[in-house]
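Me: I've got a structure open and want to talk through its sheets and cores. Mind going over it with me?

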Amino acid sequence: MNKYILSIGFLIILTTQNIWSQNNTNSPYSKLGLGDFYSLGYGRSSAMGGVGYALSSGNELNLVNPASLSNLDSLISLFEIGLHGDYTQLKNSSVSDGRWNGNVSHISYGMAVNGKWGMAFGVAPYTNVGYDISVNQSINGIPDEYAVSLEGSGGLSTVYWSNGYRISKNASLGITASFLFGPKNEDQYYDLENISSFSLIRQVSDKYSGFKFDIGYQQTIPLGKDHSLGIGLVANIPGKLNRKTSEIVIQNSISGSITDTLLNEEDVKSSLYFPMNLGAGISYNYKNQFMVAMDYTLNRWSEVGLSDNYAELIDNHVFALGLEYTPKKKGVDKSEIHYRMGCNYQTGYYLIDNNALKSMDITAGVGFPIRNTLFNIYTAYGWRGVLNNQLIKENSLRVGINMSFKDLWFHKKQFR
Amino acid sequence: MKLVRFCMGLLLSTMLIISCSTNDDEAYEIGDVFDNTSSNIFYTDTLTVNAHTVLLDSFYTSGYNKVFVGSKEDDYLGKISATSYIPFGFSTVDPIIDADASFDSLVLVLTPNGEYLGDTSVYRSFAVHELLDTISPFDNGYFYNNTKFAYSTDPLKTKSFRPHPLAHKKIYVSFPELIGQAWMDSIIAGAEEFETSADFQEFFKGIAIVPNDDRDSWSTSFYGLTDDWASGDDATTSLELRLYYTNENADENTFYSFLPSNSAYIFSNFETDYTGTRLAAFNSENDQLSSAETDHLIYLQSGSGLAVKIDIPALDRINEISSNMSILDAELILKPRLNSFDNDNTLPTSFNAYWTDKKNRIGDLLYNVTGEYALTGTLHQDEEFKENTYYSIPILNYILVKASTDEFTDDDLMFIVSSETFSTSFKHMVLEDNAINGSSMQLKLYYVTY
């Protein structure tokens with residue numbers, strides 16, 4: 001069974017790498033910086049506004065805080081996968097447009113090595129880039145304009161290995177080593193029909209790669225027989241993201257018979273400073289029936305050396321709140337159903353035209369086990385951006401499912 | 001276990017198709033707040049264009065099936081007049097006339113083709129002279145704009161007419177009766193001159209139609225041997241000498257037709273008189289005048305062979321504008337001088353561009369960059385506001401060749417109207433150069449930097 005899961009798992013990882021390189025978002029805002037960040041967590045966090053710093057579970061992977069892995073039940077291994085579908089409506093002052101998207105949110109495999117040490121590894125998208133926009137530019141020297149259509153694609157992915165170790169009865173430390181990689185591409189098509197018998201195409205491709213290390217800490221504070229508090233802290237070590245930029249400029253005669261490559265620069269190296277992001281969360285748990293958690297994250301993007309022509313990277317403050325209610329079931333059947341909701345508010349990581357790109361998501365979901373599989377279904381409704389001037393407001397509806405396949409680690413060995 | 005396997009299978013299959021997105025075909029239009037990068041497409045129109053008037057070597061004016069006659073005078077171009085030469089011979093049958101037929105008239109029939117210049121309400125006059133020399137071509141079979149043949153001092157007949165805007169309304173010029181009667185008598189008598197067409201051509205070498213009126217500017221064109229109405233059996237003859245006679249006992253007269261002996265021998269001769277104008281500076285040693293020598297004006301004149309030559313000196317240094325640049329489009333704007341034209345069609349509607357060398361020899365046509373078609377200049381006429389009338393011609397290929405660091409050429413561009421217009425009309429342009437007005441002769445250049 002393990003072999004079966006593992007081999008299918010690797011096969012899935014291989015095929016989805018391909019899928020992730022397609023456009024998985026259609027937001028013009030993904031043109032900025034590294035793209036759209038994925039912000040609603042994994043597993044049950046997705047239904048709770050993305051909270052997770054102070055949460056841990058014996059039979060689910062909490063990938064937000066590596067220290068939580070120390071609490072994994074040492075008899076099981078978990079294979080998790082998340083899928084989601086989104087419908088996003090883009091609106092500016094004159095036009096309204098809606099698009100569908102779907103993708104995998106993560107794949108991971110986790111297990112407890114021994115009673116104190118748990119680990120998990122996997123892949124997940126880190127950012128998404130996808131847009132198809134058209135802008136007007138004016139010719140230098142005269143008031144005439146021409147249109148350029150910009151098509152963006154790509155996105156960074158992350159491959160990670162997380163470890164959590166219990167250092168005392170109620171405290172754990174964790175570390176995640178991840179490798180970020182992926183392209184951010186933009187194809188520009190110049191429409192010069194009014195002024196020339198040529199057209200221009202410019203293709204810019206930035207390939208990013210770099211290591212990131214996150215350190216996590218968790219502590220449980222029992223308050224009595226039925227109540228407990230949890231505290232969690234996560235921070236990443238600042239580092240460097242390497243970037244290789246390639247650029248091609250091609251001039252074509254409209255009839256297609258002449259093609260002239262004006263510029264072909266490959267892999268010009270540069271690097272980006274990746275700042276320290278900090279997160280802190282607290283949770284309150286009553287008899288495992290009621291749980292509430294609050295997270296605060298500070299993304300210090302203003303320190304990244306990334307300059308866009310019109311948007312400024314600013315520090316983003318994320319406030320998340322999540323609730324979980326698990327009614328007690330009487331009787332033999334111990335399969336519990338968890339009801340969850342949450343919200344996630346961000347002050348925005350971009351400043352465009354003096355407007356911060358604020359966003360707000362409201363989530364709700366339910367989790368239930370079926371035999372050895374834990375299903376977490378959730379829906380999230382969010383909005384981002386403002387309608388001032390020519391900016392865009394986005395409303396999106398997401399429906400997702402996380403599945404966690406539990407396998408008894410030593411089951412076969414005992415009964416062979 | 002089964003459930004898990006089932007879930008895995010379902011998972012695998014859905015994941016292979018799940019990552020999809022709907023994408024509208026149209027790009028999402030966004031304001032420039034999302035990309036206000038400065039454009040890297042530039043426009044400039046400050047490169048100086050040098051222009052010259054060139055007096056071309058003679059060119060042929062035969063073979064256009066056209067009889068062009070007229071006279072023109074203005075302050076810019078002085079005087080020019082056009083005389084046409086036509087040799088005649090028998091038609092397909094020899095002339096046979098009954099001895100007792102009576103002579104009516106000998107008439108030259110001309111069919112206007114609708115092209116004319118001048119006020120159509122004013123009567124013009126041309127004279128028909130008999131040729132004294134036989135028309136014979138140069139070795140290559142053509143006749144040139146300055147080819148002349150001697151003709152009688154006194155005309156056979158002078159005709160007064162009004163140029164008609166409609167084609168095909170024939171004009172009849174009656175020759176003196178004495179001449180016609182003499183011809184008829186000779187035919188009836190079987191005289192030597194009328195034995196064969198060659199004998200006849202020896203006897204009557206042909207006519208020259210000479211403009212007889214130099215008030216104002218005017219011209220008119222007649223069809224050559226055939227008109228454009230029909231061909232084959234239905235073709236009507238448009239240019240002929242008709243000997244009308246009435247047979248005894250016949251009610252109506254009949255005629256014998258003398259046709260042009262060789263339609264390729266019909267041509268126009270142009271004479272110019274540039275005294276009093278700046279163009280008088282042309283001589284056998286100097287065939288090119290820069291615009292500075294001609295009051296900052298440049299001339300193109302049909303018939304006489306004046307063409308416009310341009311060069312743009314800054315082109316060899318154009319790549320200094322930016323280290324990485326590519327020229328996207330180039331258009332040359334030429335403006336005719338305001339009081340040098342009326343709405344009377346003196347301006348040609350288009351012109352061709354040729355490569356030319358330092359000796360002003362005409363080379364290849366200027367083609368577009370892909371080599372698919374030749375570039376031509378087009379007239380943009382504003383009938384209401386004459387100052388908005390201008391010519392434009394795309395010349396990207398010329399700019400790319402001259403700016404290229406790989407190829408080097410001394411050749412420049414020459415503008416001439418189409419051969420037919422150049423050889424059988426008075427169409428002309430008087431253009432202003434940069435010095436008179438910055439926008440009169442202007443190169444509009446678009447380029448991209450990267």
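Me: Three strands form an open sheet in chain A; in what order do they run?
Reply: Keep in mind that this is a predicted model. The pairing in this open sheet is antiparallel. At its edges sit S15(A), residues 311–313, and S19(A), residues 355–356, each pairing on one side only. That gives the order S15-S18-S19.

Me: Which residue in S19(A) stands opposite Ile352(A)?
Reply: Strand S18 of chain A covers residues 350–352, so Ile352(A) falls within a DSSP run numbered from the N terminus. S18(A) and S19(A) pair in the antiparallel sense over two bridges. Opposite Ile352(A) you'll find Asn355(A).

Me: How many helices and strands does chain A have, and what share of its residues is buried?
Reply: The secondary structure comes to two helices and 22 strands. Taking buried as under 20% relative accessible area, the share among the 416 residues of chain A is 53%.

Me: What part of the area exposed by chain A comes from carbon and sulfur atoms?
Reply: Chain A exposes about 18,200 Å². Carbon and sulfur atoms supply 57% of that.

Me: Which residues of chain A does Ile41(B) touch?
Reply: Ile41(B) is one of the residues touching the most other members of the largest nonpolar core, which has 70 residues. Leaving out residues up to four places away in sequence, its contacts in chain B are Leu328(B), Tyr447(B) and Val448(B). On the chain A side, they are Ile139(A), Asn140(A), Tyr146(A), Tyr190(A), Leu192(A), Ile195(A) and Leu200(A).

Key
Residues are numbered from 1 along each chain as its sequence is written. Chains are lettered from A and ligands numbered from 1 in the order in which they are written. This is a predicted model: local features need pLDDT of at least 70, side-chain atom pairs count only at pLDDT 80 or more; totals for chains, interfaces and linings use all residues. Side-chain values use heavy atoms; hydrogens and water are left out. A nonpolar core is a set of buried Ala, Val, Leu, Ile, Met, Phe, Trp, Tyr and Cys residues joined through side-chain atoms within 4.5 Å. Buried means under 20% relative accessible area, exposed over 50%, partly exposed in between (1.4 Å probe, protein chains only). Contact means heavy atoms within 4.5 Å. Two strands pair if DSSP finds at least two bridges between them. Helices (H or I, at least four residues) and strands (E, at least two) are DSSP runs, numbered from the N terminus. Accessible areas come from the Shrake-Rupley method with a 1.4 Å probe; for residues, only the protein chains shown count as cover.
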